[in-house]
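Q: Please take a close look at one part of this predicted model. Begin with a single side chain and its surroundings, then work outward to the rest.

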There are 2 protein chains.
Amino acid sequence: MYSTMQDVPLTVARILQHGSTIHGRSTVTTWTEDGPVVRTFAEVGARAAQLAHALHEQLGVVDGEPVGTLMWNNTEHQEAYLAIPSMGAVLHTLNLRLPAHQLVYIVQHAADRVVIVNGSVLPLLAAVLPQLAGTVEHVVVSGGYDPALLAGFGGTVHDYEDLLAGRPTDYPWQTDIDEKQAAALCYTSGTTGDPKGVVYSHRSIYLHSMQIIAASSFGLTARDTVLPVVPMFHVNAWGIPHAAFMTGASLLMPDRFLQPEPLATMIDRVKPTFGAAVPTIWTGLLDELDAGDYDTSTLETVVIGGSACPPALMKAFEERHGIRVIHAWGMTETSPLGTVAHPPAGVTGEEEWAYRVTQGVFPSSVQARLIGPGGEAVPHDGVAEGELEVRGPWIAGAYFGGAGHEADAPEDKFSPDGWLRTGDVGTITADGYLTLTDRAKDVIKSGGEWISSVALENHLMAHPEVAEAAVVAVPDEKWGERPLATVVLRPGATAGLPELRAFLAERVASWQLPERWSVIESVPKTSVGKFDKKVIRADYAADRLAVTLLGKGEQRGQGEQGEQGGRAEQG
Amino acid sequence: MYSTMQDVPLTVARILQHGSTIHGRSTVTTWTEDGPVVRTFAEVGARAAQLAHALHEQLGVVDGEPVGTLMWNNTEHQEAYLAIPSMGAVLHTLNLRLPAHQLVYIVQHAADRVVIVNGSVLPLLAAVLPQLAGTVEHVVVSGGYDPALLAGFGGTVHDYEDLLAGRPTDYPWQTDIDEKQAAALCYTSGTTGDPKGVVYSHRSIYLHSMQIIAASSFGLTARDTVLPVVPMFHVNAWGIPHAAFMTGASLLMPDRFLQPEPLATMIDRVKPTFGAAVPTIWTGLLDELDAGDYDTSTLETVVIGGSACPPALMKAFEERHGIRVIHAWGMTETSPLGTVAHPPAGVTGEEEWAYRVTQGVFPSSVQARLIGPGGEAVPHDGVAEGELEVRGPWIAGAYFGGAGHEADAPEDKFSPDGWLRTGDVGTITADGYLTLTDRAKDVIKSGGEWISSVALENHLMAHPEVAEAAVVAVPDEKWGERPLATVVLRPGATAGLPELRAFLAERVASWQLPERWSVIESVPKTSVGKFDKKVIRADYAADRLAVTLLGKGEQRGQGEQGEQGGRAEQG
């Protein structure tokens, strides 16, 4: 039996139409050097129509064609977010923090013929345009810039405002297309291999927006003003640009003013009610708020994703400024909403905090399972660890052009039954709260069990004389892999490695204790400041580390005697 | 370009799985003669699996087969709501307030082979079972009942609990079906013609549930307990049963205890945070709360739909009991969520009330247009009136079996381009707030303009000597239709009809003033207490009313002189 419901597709165009009419009085405010610039949703909708006319009629953009944006969070980027998918083209957000060679790769891989760029980031694009000859034909610049930057460019340069001026303020938006058609494209900035493109559909964006406005997720309404500090070129600014138009929530766009002082000032002046940020920027903001005289009383909630926010920081914001920090987890491949850490009903105090420091709970549209070391699903009991795999209508099942998909290969990003392998390792409680403990590539696979590198690092770094510690997997004849602990000692430290090992032995199971230890000068870091464990593993393989063996003989002996007994005998 | 998103359907089974695991500790409480009976979502999920096994294996229910429910709001009905669609069958809610002949028609039209019924309403079903021989083969009774009632029944009778007992508590739920497949069926209780079936899909129920939990709609979370007073056999209890499992909101089911005293008692004891009701029941509750000593402090919001709630009642609940009453509009054909009357940002006081007394604002998934007397779309300016037509993924585009769909006929319930003709007449503001002024069939179509019968009635009933007033359209040679005013005077009234006409003349345009007046004993009512205008029109046509003509001569004269001038000259 088939239903008698109307066959109405879920489209970005519907979001645009709804937001620019019913919520026409809501506003997008962009922070500039001269203070806030405000446009209503009705004006943004009209300008989106002008942009679509320009792209289609003057630049020849056709259905299904990607249009690149290299932009901060601002009104013009919001116009592109709405216009490009709604006209039938594909919004391709370009990450302005990528190294030049990755930017070139991505623009070429997507074949972006048109790129819209903020004048303030034009130098980044201009530097690679010579390599993009034959790909990029049109550069549309929003905001002031130095024309000399584009002197050698063989294509056409357009001023964003000139391009829009005088064009019709309505457009035959594509509301009746196949909802599984592409609407947006974003490449992951994977640390290994080439970047991979995730193609969002109209359906996935619409459903994701509905989840964002759910009271159990971000709960946005027309009474909110949202400050997306997380960039629109990174995980779609948590989906806020589209969700805001769906629900009428006003937007406060920080553009490039992501430093503590302008952020504090714009909060004080424009009075957002809700924010979305990453921990690094939010840490700096706390000091500014503590020191300055800012009114942040309207700001009730800030969602922090990307990486976990230290509980001390969460408590400081809540106690000193009345700002509730909520954890969330997601990734480019998950649109990004995966989990949000609202505590369940009926918990208070420390029990509530135990929930709030997790990555959060899954909504109905995100199914989750944990795959253990042996490839088997492990229970959701808050203890068993496994690699997180997820399934749902806004979760990627492939990459653009088939990249990263090699059937049944261990490095495949997707399981044979189509679930996304997140590369994150963690636990899930019976009531669905996710805690991530490590990256799958960093976990130490020792004798059929997993050892979390992050857990060992955290224990080691709790020692007063340890400045930093990085634990990596190294090959081991008997166990497959074993942990190598590299530590950076604080100046004047007196503790030796045996003492550190004893310190660790009080905190973890004996089979998890590293045998291989090395004192290093500093932990190698990636461009975004994360531990670069590839480098440590390579240094070990090339014998560039001075490694001390501790306790290996006797532990190995015990392990050999009791091998049948499982975990407790390992190592 | 197609997206790389996973192809995951939206299903009721996913809602069931999610609710019964991640929200397994949330509860369904049913009010009984012996007080509250509580089951967790995990238990309800397990019992839903047992029900599905019983229906499939013992009663032979197959994919796509409707299963009837004739039940109050209780845990067993919730189990049916989840189990029947999730096993691939179709939940068919039967309205226990319908006249017997309509119940027979509906069960036969849907071909319900299995009906689940509460023992307390078994007499209703038993009375019509003889007429349903050949259709109903299995009656499943939940709760105690008198077996003598079923003595003559030729099919099989099952006790609900016996049927479930000992069966497996998990089931291979159909999570990977076509989301446009039928999930539920509900017949409208139209006052004219045969009832018509609306077939909801898995997709429509899933999307509707996502809208219900949006902060801008009902905003339900796992911290809520919801009291659905509106029946599960009527507009799906506003979609709350499925939405609750999607978001983990606990449920307080009133069963048949819909009188003010038990309602007040269950609110006091079980402490719901959110309610959904109809004005009649809520009016009685106010008196009970005023008189009694009940703690209703947890109950923050009650949504009232079906018909408008008098502002005085809304204010009384808010001022005296801290309960915020929110208007909503919907119908069986709209799943039912059409509009919710949360005021926009930045309005307070009387301006806020002006928004709150409307039917509310449309969400992004419900498109609306107003079709005026000439068949043209009229502007959304808060003034122009038209028949409301809606479009969206949870709006009916047909009836089961094609009923009610006669292409291009004026009585067609669907427009040629597939929009639902709601039969309601009203206005929409530029910011999307709907105010209903009349039913399309009751509006008076006079000389190409519409006169609202409801507006004239409300003005007349504001006269201190008028007890009731009903205005209907009667044929008029010149204008097509003109209003006939029928009034019931209060005992001892001294006002004559000319005085009432003068009273009305101060309040409406002259062309809207009725010429035909009749004093009647009482206004005929339907079984649910609404004015039965069919009867009045029939009485007029059969010359059974004593009609006084007032002002017809001179007004008609004016109208003839100034016909070209439009509205002001009519009548």
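A: A:Tyr81 sits in helix 3 of chain A, which spans residues 75–86. With a relative accessible area of 1%, A:Tyr81 is buried, because the cut-off for that class is under 20%. Beyond its neighbours within four places in sequence, A:Tyr81 is in contact with A:Val12, A:Leu91, A:Thr93, A:Met232, A:Asn236, A:Ala237, A:Pro241 and A:His242. One of these partners, A:Val12, is 69 residues away in sequence, while the C-alpha atoms of A:Tyr81 and A:Val12 are 9.1 Å apart in space. Another partner, A:Met232, offers its backbone oxygen at 2.6 Å from a polar atom of the A:Tyr81 side chain.

A second buried side chain of chain A is that of A:Arg516, placed in strand 26 (residues 516–519). A:Arg516 counts as buried because its relative accessibility is 6%. The A:Arg516 side chain has a polar contact of 3.0 Å with the side chain of A:Asp476, and another of 3.1 Å with the side chain of A:Tyr540.

Next comes the interface with the other chain. In this predicted model, 76 residues of chain A are in contact with 76 residues of chain B. The size of an interface is often given as the accessible area lost when the parts come together. Here chain A and chain B bury about 5,800 Å² between them, and 54% of that area is on carbon and sulfur atoms. Of the area that chain A buries against chain B, 15% is supplied by A:Met1, A:Met5 and A:Gln6, more than by any other three residues.

On the polar side, 8 salt bridges are counted between chain A and chain B. One salt bridge is formed by the side chains of B:Arg25 and A:Asp431, at 2.7 Å from N to O. There are also 43 residue pairs in polar contact between the two chains, with both residues at pLDDT 80 or more. On the side of chain A that touches chain B, at least two residues each come from helix 1 (12–21), strand 9 (197–201), helix 7 (202–212), helix 8 (240–247) and strand 19 (386–391) of chain A. Helix 7 of chain A gives the largest share, 6 residues. Sorted by class, that side of chain A holds 41 nonpolar, 24 polar and 11 charged residues.

Within chain B, strand 8 (residues 182–187) is mostly covered, with 6 of its 6 residues buried. Strand 8 of chain B pairs in the parallel sense with strand 4 (residues 90–93) of chain B over 3 bridges, and B:His92 stands opposite B:Leu185 of strand 8. Strand 8 of chain B is also joined to strand 9 (residues 197–201) of chain B by 5 bridges, and these two strands run antiparallel. In that pairing B:Tyr187 stands opposite B:Gly197 of strand 9.

Helix 9 of chain B covers residues 260–270, and its buried residues are B:Pro262, B:Leu263, B:Ala264, B:Thr265, B:Met266 and B:Ile267. The buried residues of helix 9 of chain B pack against strand 1 (27–32), strand 10 (225–228), strand 11 (250–253) and helix 10 (279–291) of chain B. After helix 9 of chain B comes B:Lys271, which has a positive phi near 60 degrees.

The remaining points concern backbone geometry. Most residues other than glycine have a negative phi, and most peptide bonds are trans. B:Ala111 is not a glycine, yet has a positive phi of about 60 degrees. B:Ala111 lies in the loop between helix 4 (100–110) and strand 5 (114–118) of chain B, and counts as partly exposed because its relative accessibility is 45%. B:Ser335, also not a glycine, has a positive phi of about 80 degrees. B:Ser335 is in the loop between strand 14 and strand 15 of chain B, and counts as buried because its relative accessibility is 4%.

B:Ser335 is joined to B:Pro336 by a cis peptide bond with an omega of about 15 degrees. B:Pro336 is placed in the loop between strand 14 (324–329) and strand 15 (339–340) of chain B. In chain A, a cis peptide bond joins A:Ser335 and A:Pro336, with an omega of about 20 degrees. A:Pro336 is placed in the loop between strand 14 (324–329) and strand 15 (339–340) of chain A.

Note on methods: Residues numbered from 1 in each chain as written. Chains lettered and ligands numbered in written order. Predicted model: local features only at pLDDT ≥ 70, side-chain atom pairs only at ≥ 80, totals over all residues. Heavy atoms only, no water. Contact = heavy atoms within 4.5 Å. Buried area = accessible area lost by both parts, 1.4 Å probe. Salt bridge = Lys/Arg side-chain N within 4 Å of Asp/Glu carboxyl O. Polar contact = N/O pair within 3.5 Å; in protein donor to acceptor, adjacent residues only side chain to side chain. Helix = DSSP H or I, 4+ residues; strand = E, 2+ residues; numbered from the N terminus. Nonpolar A, V, L, I, M, F, W, Y, C, P; charged D, E, K, R; others polar. Buried < 20%, exposed > 50% of the residue type's maximum accessible area, 1.4 Å probe, protein only. Pairing = 2+ DSSP bridges.
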